[in-house]
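Please open the structure in your viewer and keep the selection tool at hand. The tour below goes from one selection to the next and says what is there.

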Amino acid sequence: MPTSTKNGVHLAGGERIQMLKARAVLVDMEEGVVSEILQGPLRDVFDSTQLLTDVSGAGNNWAVGYMTYGSTYREKILDKLRKAAEQCDCLQAFFLLHSMGGGTGSGLGTKVLSLLKDEFPEVCRIVTPVYPSLEDDVIISPYNSILAMRELTENADCVLPVENQALVEILNKIKQTSHGRQSGAIMSGGIVSRKDGLIGSERPFDAMNNIVAKMLLNMTSSARFEGTLNMDLNEITMNMVPFPQLHYLVPSLSPLYSLADVSAPTRSLDQMFADAFSKGHQLIKANPKQGLYLACALMVRGNVQVSDLRRNIERYKPLFPFVSWNQEGWKTSLCSVPPVGHTQSLLALANTTGIKSTFVELRERFTKLYKKKAHLHHYLQVDGMELSLFSEAVTSLDSLIDEYHNVETGKLISDLPRFNMAK
């Protein structure tokens, strides 16, 4: 999870090859996924001593992940986090990636977030949670998501939410634009698309993960390459999060392409701006034309002039209303090194009240189950889990939704915590 990497040397046929080792801690309470990594093409990228697995899994239960496994593996997780952090020359941030619908991701994932806050309180915590779609096959995913949301709101510095359904629609968009250059299929991960979407039996996790990886690569490009206007990771939270709990940023990418189609047609900067502010390029569904913008970051890679960047910002200012007290809330960065196979790219991170609709929908799905007290016994039989945690979690979400609403209506939020000024 720490952002830095370390060098290694691999001997192949007498030739010394410079290798990179990810400073990452991989945690899963089932062995399957981690075992695949150890046997796959990325096996040399990760340090085998920084992996942590169990056998049985959390059974789609947040309480098992957070309470049971969080307690059992607390010290082992902390040891691995300390080891990874100690190897960094300049630790800027932790990136935490986990699912929201399952038990290990939502439960143990947010437990790790809590441990990071306690152990490294001064280091920025950036979280990318994957929200389930409406057609999710985990019936109790609304419970897990609501319980995890409280932890994200209280313990993360910045959250870049992504949604399974949005990722699937992006892959379908890639398929449509690549039709004619390929045989009508997205080759990465063996994905085949139909007119009405991806074939249900062929679950495109690899390709979906690639989209998220591209977002993170663009976000961290300034830390890895030179540029005329680089953006430090800490600058993201400093400029994009005016209030501590309103730290959910809507990410969008341009251009969109699969790993098997890196030679996709070049997009001009004007075209990429149009993409970044459209629904089809967002990694989570949030109407960019609804609500108010609190701030917006534009992270560009490639040979782009600052004047062209400013020209496009001026072009879009009238279309997307900002809060009255931050009319110039645009943060920009320029990294001179473009993605492989492209001349330029754009990642937009929007702090907009439009994301409120996603949280309202999640609350509605939670309420349908909770009104009937369905499946609650699975949670309450876990040591340490109490019914009050459900009501506290939904109260936390209610408060978050209300805060976004108050920003939209311009009401003073007297009880909203604000950053303290240094004296």
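Over which residues, for which the model has 41 contacts beyond four places in sequence, does pLDDT stay under 50? Select residues 180–202, for these are the residues in question; pLDDT is the predictor's confidence in each residue, from 0 to 100, and a contact means heavy atoms within 4.5 Å. Over residues 1–17 the pLDDT is also below 50, while the mean for the protein is 85.

This is a predicted model, in which local features need pLDDT of at least 70 and side-chain atom pairs count only at pLDDT 80 or more, whereas totals for chains, interfaces and linings use all residues. Residues are numbered from 1 along each chain as its sequence is written, and side-chain values use heavy atoms, with hydrogens and water left out.

Next, select helix α10, residues 269–276; helices (H or I, at least four residues) and strands (E, at least two) are DSSP runs, numbered from the N terminus. Leu269, Met272, Phe273, Asp275 and Ala276 are buried there, where buried means under 20% relative accessible area with a 1.4 Å probe, protein chains only. These residues lie on the same side of α10, because they cover an arc of only 160 degrees around the axis, taken from the directions from the helix axis to the C-beta atoms. Among the elements that cover them are β11 (250–254) and β14 (344–352).

Finally, select phenylalanine 322, in the loop between α11 (306–316) and β13 (330–335). Its relative accessibility is 7%, so phenylalanine 322 counts as buried, and the residues that it touches include Leu292, Tyr293 and Trp330.

Technical notes: Buried < 20%, exposed > 50% of the residue type's maximum accessible area, 1.4 Å probe, protein only.
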